[in-house]
Amino acid sequence: YCEEFKNNPRAAFFAFHLLQNKYDAPVRHFALHLLETRTKSDWHLYTEQQRDGIRKSVLNFIAGGLNYY
């Protein structure tokens, strides 16, 4: 199921939900991998607004460290 989910073009957006601290480390690790996979393969398909949103969310995640959300 996880491999199928990674093929969903909108999976990058779901990844940010899975990065929340309420999920265990393996789930958050999968979310990071999911985000990496989708952005590498679909970045050119996203609108400028979507790309900007992903950038801001990634920076917020980095700035917040493990205290994301």
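Biologist: What radius of gyration does the chain have, and what would a compact globule with 69 residues have?

Modeller: The chain has 12 Å, which agrees with the value near 11 Å for a compact globule of 69 residues. The radius is taken over C-alpha atoms, and the globule rule is 2.2 Å times the number of residues to the power 0.38. Mind that this is a predicted model: local features need pLDDT of at least 70, side-chain atom pairs count only at pLDDT 80 or more, and totals for chains, interfaces and linings use all residues. Numbering runs from 1 along each chain as its sequence is written, and side-chain values use heavy atoms, without hydrogens and water.

Biologist: Fine! How many helices and strands are there?

Modeller: Four helices and zero strands, in the order α-α-α-α along the sequence. These are DSSP runs, numbered from the N terminus (helices: H or I, at least four residues; strands: E, at least two).

Biologist: Now helix 2. Which of its residues are buried?

Modeller: In helix 2 (residues 11–18), they are A11, A12, A15, F16 and L18. Buried means under 20% relative accessible area, exposed over 50%, and partly exposed in between (1.4 Å probe, protein chains only).

Biologist: Why do they line one face of the helix?

Modeller: Because, seen down the axis of helix 2, they fall within an arc of 160°; that arc is of the directions from the helix axis to the C-beta atoms.

Biologist: And what covers them?

Modeller: The cover includes helix 1 (2–6), helix 3 (25–42) and helix 4 (48–64).

Biologist: Back to the chain: what share of its residues is buried?

Modeller: Buried residues make up 32% of the 69.

Conventions
Contact means heavy atoms within 4.5 Å.
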